[in-house]
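Me: I am in my first year and would like to go through a protein structure slowly, with the reasoning spelled out. Could we work through it as questions and answers?

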Amino acid sequence: MNLLKSPWRLSGICGLLFVVLSFIAAGINVLPPAFNHDESALVEWFASNSKWYRGGHFMAGIAFLLFYFPFYAGFCERLRLAEGATAIWTRVTWAGAILSPAVGSIAGTFINGLTLLGGNVTTETASFGIAANFYAYSVSGAFGGVAMTAAAVVILSSGIFPKWLGFTGLFTGLAAIISTGFLFEGNPAGFFALLNGIAWLVYFLWIAALSVELIRTPVTDENLIPKAV
């Protein structure tokens with residue numbers, strides 16, 4: 001099978017590779033302690049785990065750069081064809097999908113900048129770096145939630161993918177957006193932080209499930225024709 005002649009399947013394969021590499025990266029990463037943890041432990045984390053964290057972040061970056069964007073390009077094209085000429089919700093999906101890693105890169109700027117210094121960080125800079133990373137990571141998840149919610153609207157209204165993927169995207173996406181309530185809670189171990197973490201996990205599994213659908217669902221000339229508005 002020539003994958004270049006099967007762009008939907010190629011996008012699906014990219015989606016699966018993205019998820020697999022992302023989980024591998026998560027396994028490599030030694031996650032930092034909470035920003036409100038004992039300050040000496042924060043400095044010790046940078047001294048002991050900086051190389052491992054950079055390695056995991058590199059792996060995650062490869063996953064995004066090589067596989068995340070091809071997946072979303074194919075996925076959003078399928079949504080556009082199902083939605084029709086206006087494609088408003090498809091555009092919102094693409095916007096959320098692009099902004100999520102963009103904001104996530106901010107997280108990498110703060111914490112990886114400090115990992116390059118190894119143990120040569122003060123308690124104040126260590127606390128700030130981890131707190132900034134937590135903030136950017138959480139907001140990045142919220143933008144992923146925007147992509148999920150918008151995509152769910154198209155899935156549920158068009159039936160292009162199984163309804164359960166639409167409902168999963170809708171509820172998880174809204175949960176990710178609501179999780180920004182951590183700004184008021186201010187607790188990295190609180191309810192909203194937990195909600196964000198769960199939403200992230202479901203987000204990756206949702207992408208994997210959609211990737212399988214892109215690979216296995218046949219595409220004919222008939223269902224490539226955009227619906228009339």
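Reply: Let us begin with a definition: a residue counts as buried when its relative accessible area is under 20%, as exposed when that area is over 50%, and as partly exposed in between. Please keep in mind throughout that this is a predicted model.

Me: Is Glu 213 buried or exposed?
Reply: Glu 213 has a relative accessible area of 9%, and the cut-off for a buried residue is under 20%. Because 9% falls under that limit, Glu 213 is counted as buried.

Me: With which residue does the side chain of Glu 213 meet in a salt bridge?
Reply: As a general point, side chains of opposite charge can pair when their charged atoms come close. Glu 213 lies in helix α7 (residues 191-216), and its partner lies in that helix too, 3 residues apart, about one turn of the helix. The salt bridge has a distance of 3.0 Å, N to O, and the partner of Glu 213 is Arg 216.

Me: Is Arg 216 buried or exposed?
Reply: A residue is called exposed when its relative accessible area is over 50%. The relative accessible area of Arg 216 is 54%, so Arg 216 is exposed.

Me: How many salt bridges does a search of the whole structure find?
Reply: One of them is the pair of Arg 216 and Glu 213. Another joins the side chains of Glu 77 and Arg 80, at 2.6 Å, N to O. For the whole structure, the search finds 2 salt bridges.

Me: By about how many helical turns are Glu 77 and Arg 80 separated?
Reply: Both residues belong to helix α2 (residues 39-83). Glu 77 is partly exposed, with a relative accessible area of 28%, and Arg 80 is also counted as partly exposed, at 32%. Because Glu 77 and Arg 80 are 3 residues apart in the helix, their separation is about one helical turn.

Me: Are α1 and α2 roughly parallel or roughly antiparallel?
Reply: In general, two packed helices are described by the angle between their axes and the distance between the axes. Helix α1 (residues 7-28) and α2 pack with their axes 7 Å apart, at an angle of about 155°. Since angles over 145 degrees count as roughly antiparallel, α1 is, with respect to α2, roughly antiparallel.

Me: How many nonpolar residues does the contact of α1 with α2 have?
Reply: The crossing in which α1 passes α2 is left-handed. Sorted by class, the contact of α1 with α2 has 2 charged residues, 6 polar residues and 19 nonpolar residues.

Me: Is the crossing of α1 and α7 left-handed or right-handed?
Reply: The axes of α1 and α7 come within 7 Å and cross at roughly 150°, which means that α1 is roughly antiparallel to α7. As for its hand, the crossing of α1 and α7 is left-handed. The residues in contact include Trp 8 and Phe 23 of α1, together with Leu 201 and Ile 215 of α7. To return to the hand that you asked about, the crossing is left-handed.

Me: At roughly what angle do the axes of helix α4 and helix α5 cross?
Reply: Helix α4 (residues 123-158) and helix α5 (residues 163-178) have axes that come within 7 Å, and the angle at which they cross is roughly 150°. This makes α4 roughly antiparallel to α5, and α4 passes α5 in a left-handed crossing. The angle asked for is therefore roughly 150°.

Me: Which residues does Thr 172 contact, leaving aside its neighbours within four places in sequence?
Reply: Thr 172 is found in helix α5, and with a relative accessible area of 11% this residue is buried. Once those neighbours are left aside, Thr 172 is in contact with Met 148, Ala 199 and Val 202.

Me: Which residues does Ser 138 touch, not counting residues up to four places away in sequence?
Reply: Ser 138 lies in helix α4 and is buried, with a relative accessible area of 2%. With residues up to four places away not counted, Ser 138 touches Phe 182 and Asn 196.

Me: Which residues is Asn 112 in contact with, leaving aside its neighbours within four places in sequence?
Reply: Asn 112 is found in helix α3 (residues 88-115), where its relative accessible area of 11% makes it buried. Leaving those neighbours aside, Asn 112 is in contact with Tyr 53, Arg 54 and His 57.

Key
Residues numbered from 1 in each chain as written. Predicted model: local features only at pLDDT ≥ 70, side-chain atom pairs only at ≥ 80, totals over all residues. Heavy atoms only, no water. Salt bridge = Lys/Arg side-chain N within 4 Å of Asp/Glu carboxyl O. Helix = DSSP H or I, 4+ residues; strand = E, 2+ residues; numbered from the N terminus. Buried < 20%, exposed > 50% of the residue type's maximum accessible area, 1.4 Å probe, protein only. Axes fitted to C-alpha atoms, helices over the stretch in contact; angles between N-to-C directions. Parallel < 35°, antiparallel > 145°, perpendicular 65-115°, else oblique. Left-handed = near helix turned anticlockwise from the far one by under 90°. Nonpolar A, V, L, I, M, F, W, Y, C, P; charged D, E, K, R; others polar. Contact = heavy atoms within 4.5 Å.
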